[in-house]
Amino acid sequence: MSDGTQETRMPANGYPLNGRVILHIDMNAFYCSVHEAVEPEKYGGKALAVAGSVELRKGIIVTCSYVARARGVKTGMLVREALKLCPNLILIRPDFDLYRQFSRRFMKIAYDYSPLVETMSIDECYVDITGSKSFGTPLHIAQTIQSRIREELSLPCSIGVAPNKLLAKMASDMKKPNGISVLRKRDVPGVLWPHPCALLFGIGKKTADKLKRLQIHTLGQLAHADERLLTNHFGVMGAWLKRAANGEDDAPVNPEREQSKSIGHTTTLPVNYTQRADLHRVFLNLADQVGRRLRKQELLAHTVQVTIRDPDMKTITRAAKLTEPSESADDFYRMACKLFDAYWKEGDPVRLVGLTLQNLTSRQESAVQLDLFSYQKQPVKEKLNRTLDKLRDKYGESAVLTAGMLGDDPSTLIRNAKVRGTSLQMDHLRLKGLEVEDDS
């Protein structure tokens with residue numbers, strides 16, 4: 001389990017003499033599993049899907065149970081398509097307060113075995129148990145955590161045990177649901193190398209397709225590829241690709257991540273908006289501001305979530321993963337509009353909208369997935385973002401704006417209230433009827 005070519009000797013207690021032991025805990029079909037745990041008589045063992053607009057059969061599947069998956073239902077599928085595949089599918093509205101309660105409870109169990117717990121999302125975390133020998137062997141700790149989550153919360157989870165975060169994540173995906181897998185560095189050639197590059201966590205479709213064009217089809221080929229070739233085609237990411245294919249990952253488990261797990265704005269509109277252009281303009285201003293705050297913290301976002309509320313206080317949320325981690329307001333705006341348009345029907349009144357960036361990672365730690373075109377554009381884009389940020393820091397938020405941000409409604413004032421944040425500006429917005437909330 002060492003980072004070198006020689007295998008580290010393993011004592012009887014299962015801990016390496018040098019190196020780390022990391023767990024990745026991944027809750028299985030989390031949202032649906034929570035509903036089954038709360039109402040087992042109603043939902044236990046049935047085909048379930050969490051989705052919005054249940055009555056109208058619109059929107060997308062947020063997640064689905066394993067029973068539903070066995071019948072062809074998939075996350076991201078349109079509800080109407082899912083119902084064709086599985087007519088007896090039970091649709092459930094999201095209850096994020098309930099999910100957060102269960103998330104905190106399973107995280108608390110993880111904290112009982114180590115203070116080094118890094119929250120990745122509402123349903124997964126890393127746990128560094130290198131210093132947790134008093135609780136038993138790594139496998140025993142994983143089994144104990146899994147048993148406690150099942151017995152105390154009635155939830156299934158899969159756990160990966162490995163010498164680093166990358167391999168722990170890969171291991172947790174090997175057996176679902178309710179699996180425990182150990183993936184050591186010496187296992188990488190036999191377990192991972194025969195598979196396509198896309199199997200590796202962190203390699204997206206675009207990167208996998210580009211590797212194929214370079215005649216690199218398997219992880220074994222990637223592990224032995226010429227690093228200069230990879231660097232020429234992927235920039236700084238090239239070295240990471242080769243190291244990852246060899247099962248190497250030095251990133252620490254960072255318990256501070258939970259403090260910056262999301263950055264978002266939610267705004268209550270002064271009147272009910274019914275025009276797409278007006279709503280898109282609000283999202284543009286929201287994206288601008290969350291992007292500004294993200295860059296100030298030197299973070300990248302992997303996921304964009306939108307919140308929509310109508311005059312009857314019916315609230316839905318939609319989230320989707322970006323094709324690559326980003327700090328750009330353009331990316332956040334496009335994804336927010338895509339999510340919004342997939343749900344919203346032209347003319348329906350909207351009272352509140354929000355945009356939240358989730359699954360945040362440090363810019364320094366992130367291996368950004370870029371195709372050739374975006375890789376060439378990325379340095380220029382980053383430099384432009386930094387230059388514009390400096391200008392607005394010095395001269396104010398309205399110093400540099402895109403045309404789409406301009407308008408004569410209060411949503412255009414969001415940026416002044418949130419980044420500069422003076423009480424006078426906040427009071428001015430309230431007088432205008434625009435309520436602004438911060439949910440970082």
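**A chat about strands and helices**

Visitor: In which sense do β1 and β7 pair, and over how many bridges?

Guide: Strand β1, residues 22–27, pairs with β7 in the antiparallel sense, and the pairing runs over 6 bridges. Please keep in mind that this is a predicted model.

Visitor: Which residue of β7 stands opposite L23?

Guide: L23 has V161 of β7 opposite it.

Visitor: And what about β7 and β8, parallel or antiparallel?

Guide: β7 and strand β8, which covers residues 180–182, pair in the parallel sense over 3 bridges. V161 appears here as well, since V182 in β8 stands opposite V161.

Visitor: How many residues of β7 are buried?

Guide: Strand β7 spans residues 157–162, and 6 of its 6 residues are buried, so the strand is mostly covered. C157, I159 and V161 point one way from the strand. S158, G160 and A162 point the other way, and all of these residues are buried.

Visitor: Why do the side chains split into two sets like that?

Guide: In a regular strand, side chains alternate between the two faces of the sheet.

Visitor: Next topic: what is the strand order in the open sheet of 3 strands?

Guide: The order is β3-β2-β4, and the pairing in this open sheet is mixed. The strands at its edges are β3 (61–64) and β4 (90–92), each of which pairs on one side only. Neighbouring strands in this sheet are turned against each other by 30 degrees on average, with direction ignored.

Visitor: How many bridges join β2 to β3?

Guide: Strand β2, made of residues 48–51, is joined to β3 by 3 bridges, and the two run antiparallel. Within that pairing, A51 has I61 in β3 as its bridge partner.

Visitor: Which helix lies across those strands?

Guide: Helix α1, residues 30–38, lies across β2, β3 and β4. The helix runs at about 115 degrees to β2.

Visitor: Why can one call α1 largely enclosed?

Guide: Helix α1 is largely enclosed by the rest of the structure because 7 of its 9 residues are buried. The buried ones are F30, Y31, C32, S33, V34, H35 and A37.

Visitor: Let us turn to β5. What sort of arrangement do β5 and β6 form?

Guide: They form a hairpin, with 2 residues between the two strands. β5 pairs with strand β6, residues 124–128, in the antiparallel sense over 4 bridges. In β6, V127 is the bridge partner of V117.

Visitor: How many residues of β5 are buried?

Guide: For β5, 4 of the 5 residues are buried, so the strand is largely enclosed by the rest of the structure.

Visitor: Where is S114?

Guide: S114 is in the loop between α5 (96–111) and β5 (117–121).

Visitor: Is S114 buried or exposed?

Guide: S114 is buried, because its relative accessible area is 4%, and the cut-off for being buried is under 20%.

Visitor: What does S114 touch?

Guide: Not counting residues up to four places away in sequence, S114 touches V127, D128, I129 and S132. In addition, a polar atom of the S114 side chain lies 3.0 Å from the backbone nitrogen of L116.

Visitor: Changing topic: how many residues does α13 have, and how far does it reach?

Guide: Helix α13, residues 276–296, has 21 residues and reaches 30 Å from its first C-alpha to its last. That is close to the 30 Å expected at 1.5 Å a residue. The helix is mostly covered, with 17 of its 21 residues buried. After α13 comes E298, whose phi is positive, near 55 degrees.

Visitor: Which residues is H280 in contact with?

Guide: H280 is placed in helix α13. Leaving aside neighbours within four places in sequence, H280 is in contact with Y333, C337, F340 and D341. H280 counts as buried because its relative accessibility is 15%.

Visitor: Where is W193, then?

Guide: W193 is in the loop between α8 (188–191) and α9 (205–213). Not counting residues up to four places away in sequence, W193 touches several residues, including T218, L219, G220 and H224. The C-alpha atoms of W193 and L222 are separated by 8.4 Å, although the two residues are 29 residues apart along the chain.

Visitor: Finally, how many helices and strands does the protein have?

Guide: The protein has 17 helices and 13 strands. Of its 440 residues, 50% count as buried. The accessible surface comes to about 20700 Å², and 53% of that belongs to carbon and sulfur atoms. Among contacts with a separation of 6 or more, 65% are between residues 24 or more positions apart.

Technical notes:
Residues numbered from 1 in each chain as written. Predicted model: local features only at pLDDT ≥ 70, side-chain atom pairs only at ≥ 80, totals over all residues. Heavy atoms only, no water. Pairing = 2+ DSSP bridges. Axes fitted to C-alpha atoms, helices over the stretch in contact; angles between N-to-C directions. Contact = heavy atoms within 4.5 Å. Expected span 1.5 Å × (residues − 1). Buried < 20%, exposed > 50% of the residue type's maximum accessible area, 1.4 Å probe, protein only. Areas by Shrake-Rupley, 256 points an atom, 1.4 Å probe, with all protein chains shown as cover. Polar contact = N/O pair within 3.5 Å; in protein donor to acceptor, adjacent residues only side chain to side chain.
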